Amino acid sequence: MKIFEEIESEVQSYARSFPRVFNRAKGEFLYDDDGNEYLDFLAGAGTLNYGHNHPVFKTLLQEYIENDGITHGLDMHTKAKGEFLEAFNEKILKPRDLDYVMQFTGPTGTNAVEAALKLARNVTGRENIITFTNGFHGVSLGALAATGNSHHRGAAGTSLHGTSRLPFDGYLGDDIDTTFYLDKVLSDSSSGIDKPAAVIVETVQGEGGINVASFEWLRNLDSVCKKHGVLLIVDDIQAGCGRTGTYFSFEEAGIKPDIVTLSKSLGGYGLPFAVVLFRPEIDQWKPGEHNGTFRGNNFAFVTAKAAIDHFWADDSFSKEIKRKGDYVEQRLDAIVDQYGEGNFTTRGRGMFRGINCIDGELAAKITRKCFQNGLIIETSGADDQVIKFLCPLIISDENLKKGIDIVEMAIREVCAKEDSMPEESDYFDDVRLAQ
């Protein structure tokens, strides 16, 4: 551990929560230098939906390397890229009746978000972007301006502009549809909200605390955007690639966004890869107008195609995700019914789930206890109060049960030592009482 303490920047984060030297991984497991085995419910923050070192992907990647396949190709045409595009078009886009072209950006999610925002502004000739409370879209300056978290925004070192923030679904209570507010301010020339180029939204806010937008809210948001001639961008970087049960997280809402950003599990193997999908008529880029040296990661093309061919040629994998997601939901509901004195709650969709412990320190105690018992799991939310379940989608039923058992045991042990459980306050009830 000494070299990390001497050389690596203080910016490191996950290493503080899981202070081990890991050297091997397989499926849903990680192993450290001492041979200890850990169930991985972090999965690269949603990058390893298909687990570590999937044997099918690994074999194809090894063959590609052995045959001196192109590693880096900028945006030149390569066989690997062409085969990926063909697979994505035939097995992902066409079955969903989605007519998109694909832009290859730099290899991270924030690169894709930057490109999406730039494209929307160029196409519409407008600057403002509507974003939402608790949203997270990346930490480069454009994406950071669209991000709500003060911890990340505070590190910018400069003013963040070009966005207007509105309340996400449920932010003002369950009875208020905040898309009506959006419609109102866009209809009022004196609202102070400049007509935007686009609205960017996550259907499930991962880093924001597993906040789930209802399908009705998403459909209403889509309608408001169409009414006012505003582009709709869905950031599907963490919620996409099957995490919610369908390949795209917006499918079950029945909407077709103008622009979609993908990264994380897109590459299948954990290799850096990000793209932007958008309707052909808004493909108004000039050659080289937006680029990135590593937009041609051919290793990722190989494994991304393998993931599509192996898991998404039909709907069987999607059904398995939903089945496991139902199990996770039932288990987490049972846990909060038994522990937390009725104050804990669950949230999420598919295999994108969380337990809201209300207090970040309490959630941290629980995840530390999980780690001591062989489970890697993180927290999210404004105060890190939500225990976030992001296990690989391919996890066996046995290990899924084992991991949740570890969480339940940790919650039981930690809660037993607490004098009282934190209670979640209702802002509006508090205001009324104060009056």
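Me: Which does aspartate 222 count as, buried or exposed?

Reply: This is a predicted model, in which local features need pLDDT of at least 70 and side-chain atom pairs count only at pLDDT 80 or more, while totals for chains, interfaces and linings use all residues. Residues are numbered from 1 along each chain as its sequence is written, and side-chain values use heavy atoms, with hydrogens and water left out. The terms are set by relative accessible area: buried means under 20%, exposed over 50%, and partly exposed in between (1.4 Å probe, protein chains only). Because its relative accessibility is 11%, aspartate 222 counts as buried.

Me: Which residue meets the side chain of aspartate 222 in a salt bridge?

Reply: A salt bridge requires a side-chain nitrogen of Lys or Arg within 4 Å of a carboxyl oxygen of Asp or Glu. The partner lies with aspartate 222 in helix H10 (residues 215-228), four residues apart, about one turn of the helix; helices (H or I, at least four residues) and strands (E, at least two) are DSSP runs, numbered from the N terminus. An α-helix has 3.6 residues a turn, so residues three or four places apart point the same way. With an N to O distance of 2.8 Å, the residue that meets aspartate 222 is lysine 226.

Me: How many residues apart are lysine 322 and glutamate 252?

Reply: Lysine 322 forms a salt bridge with glutamate 252, the closest N and O atoms being 3.5 Å apart. The pair links distant parts of the chain, with lysine 322 in helix H12 and glutamate 252 in the loop between S10 and strand S11 (259-262), and their separation is 70 residues.

Me: What length does helix H12 reach from its first C-alpha to its last?

Reply: Helix H12 covers residues 316-338 and has 23 residues. The expected span of a helix is 1.5 Å times one less than its number of residues, which for H12 gives 33 Å. Close to that expectation, H12 reaches 34 Å.

Me: Against which helices do the buried residues of H12 pack?

Reply: The buried residues of H12 include Phe317, Ile321, Val328 and Ile335. Contact means heavy atoms within 4.5 Å. The buried residues of H12 pack against strands S13 (345-349), S14 (352-356) and S17 (386-389), and against the helices H11 (298-311) and H14 (397-416).

Me: Which glycine takes a positive phi in the turn between S1 and S2?

Reply: Two strands pair if DSSP finds at least two bridges between them, and strand S1 (residues 22-26) pairs with S2 in the antiparallel sense over four bridges. The bridge partner of lysine 26 in S2 is phenylalanine 29. S1 and S2 form a hairpin with two residues between them, and the residue in the turn with a positive phi of about 60 degrees is glycine 27.

Me: Which residue stands opposite valine 201 in S10?

Reply: Strand S7 (residues 198-201) points Ala198 and Ile200 one way and Val199 and Val201 the other way, and all are buried. Four bridges join S7 to strand S10 (residues 231-235), and the two run parallel. Opposite valine 201 in S10 stands valine 234.

Me: How far apart in space are phenylalanine 278 and arginine 323, C-alpha to C-alpha?

Reply: Phenylalanine 278 has its place in strand S12 (residues 275-278), and because its relative accessibility is 1%, phenylalanine 278 counts as buried. Phenylalanine 278 and arginine 323 are 45 residues apart in sequence, and their C-alpha to C-alpha separation in space is 31 Å.
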